[in-house]
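Please look at the sequence and the model together, and keep both in view while you read. The paragraphs below begin with an enclosed space and then turn to the cysteines.

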Amino acid sequence: MKKHQTMTENPPHSTGGHPFQGPPTGATLRLVAWETTRNCNLSCLHCRASATKGPYTGELETPAALRLLDQIAEVGSPIIILTGGEPLLRPDIFEIASYGTEKGLRMVMAPNGTLITKTAAKKMHDAGIKRISISLDGATKESHDSFRGVDGAFEGALRGIELAKEAGIEFQINTTITKTNLDQIPKIQELAIKLEAVAHHIFLLVPTGRGKYIVDQEINAEEYESTLNWFYDQREKTPLQLKATCAPHYYRILRQRAKKEGKTVSFQTHGLDAVTRGCLGGTGFCFISSRGIVQPCGFLQINCGDITQQSFADVWNHSEAFLSLRNFDNLKGKCGRCEFRKVCGGCRARAYEATGDFLAEEPLCNYQPASGSVSSNP
């Protein structure tokens, strides 16, 4: 199972409006992760969807899938991540990808790599898939296969990568960080370079789905901070595009480190990291389940609307949860007091899993806001 993958990022929108909820419109839709199916040929330890071999009932059929792309295109021109489960197990996936491309949407895909054949790679290319993400959660066969729950997953991923490269499709490597692979992250990054990936995205474990059963493998706040500082240090040491996902603290650390180095954070100095923010759930990004349920992200499992019952535009512009997330002054605890709340925001899914309140403070953050801090543009 693949997490929602960012593939690329875009600048955040501005917020304001109602003192609790935020504006009903004006949130620019930049990224949609669409779980095209829960069906999967792997059994990953951290799987958000607890995906396994289906079939699953109630998944959007082809006509409904194409209507969804029509409705998304009416709201904006976001990147569409075709994810799962394993998207290549959906028979009409290339029809969906081609249709989105024709609508002018940037279509990307998050397969696990094991089902990519020469034919499938060509179909991806012909359908207009601009990038794929393939996860490597270990630098060796043993570590990756253990994490993915199936022998041969590592070799299958590498084989899929080579076939994608031959078809002219760029790819990125995604890695979910836990205690079991924390010491392998540098080696995984080296492998990504060797494989000629364009990017390496790290994901900090969010304990949802099967991930709840390995919550003891979640790194602690100190390890979290150390890892993100290491990741920052790699910026000028690697040809890879780097992105920290489900790790909003990185955007605080980036500014703290830049200030210490006497630098001003700008697009010219820090690229896309300067013009995005940590948690994008419900602000510039959303997740759509295989049954059409819209969520702020795949890990924040709250029902914000059902596109089989209402239009996507209605959900995006009027969901109470989305409106609440768009006003950062709604954040509680130290997140609400933090001077970095507009560039970090904390992981709303971790807050929800820990407290039942998605506006509560991030549980895996050891930063203490400046006393009485009210500044939101550090």
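In this predicted model, the lining of the second largest cavity is made up of eight nonpolar, three polar and four charged residues. That cavity has a volume of about 120 Å³, and it belongs to a set of six cavities of 30 Å³ or more. Its lining counts 15 residues, and those lying nearest the centre are Cys-335, Cys-338, Cys-344, Gly-346 and Cys-365. Two helices, α8 (249–260) and α12 (333–337), are the elements that give two or more residues to this lining.

With several cysteines named around the centre of the second largest cavity, a careful reader may ask how many disulfides the structure holds. The count is zero, and the distances between sulfur atoms help to explain it for two of the cysteines, given that a disulfide needs a pair of cysteine sulfur atoms within 2.5 Å.

Take Cys-335, one of the residues nearest the centre of the cavity: the closest cysteine sulfur to its own is that of Cys-344, and because the two are 6.4 Å apart, they are too far for a bond. Cys-335 is also buried, with a relative accessible area of 12%.

Cys-246 can be examined in the same manner, since its sulfur has the sulfur of Cys-347 as its closest cysteine partner, at 5.9 Å, which is again too far for a bond. With 14% relative accessibility, Cys-246 likewise counts as buried, because buried means under 20% relative accessible area.

Note on methods. Residues are numbered from 1 along each chain as its sequence is written. This is a predicted model: local features need pLDDT of at least 70, side-chain atom pairs count only at pLDDT 80 or more; totals for chains, interfaces and linings use all residues. Side-chain values use heavy atoms; hydrogens and water are left out. Buried means under 20% relative accessible area, exposed over 50%, partly exposed in between (1.4 Å probe, protein chains only). On a 1 Å grid over the protein atoms alone, a cavity is a set of points where a 1.4 Å probe fits but cannot get out, and a pocket is an open set with protein on both sides within 12 Å along at least five of seven lines; lining residues have an atom within 4 Å of a point. Grid points are joined across faces, edges and corners, and a volume is the space filled by probe spheres set on the points. Helices (H or I, at least four residues) and strands (E, at least two) are DSSP runs, numbered from the N terminus. Ala, Val, Leu, Ile, Met, Phe, Trp, Tyr, Cys and Pro count as nonpolar, Asp, Glu, Lys and Arg as charged, and the others, Gly among them, as polar.
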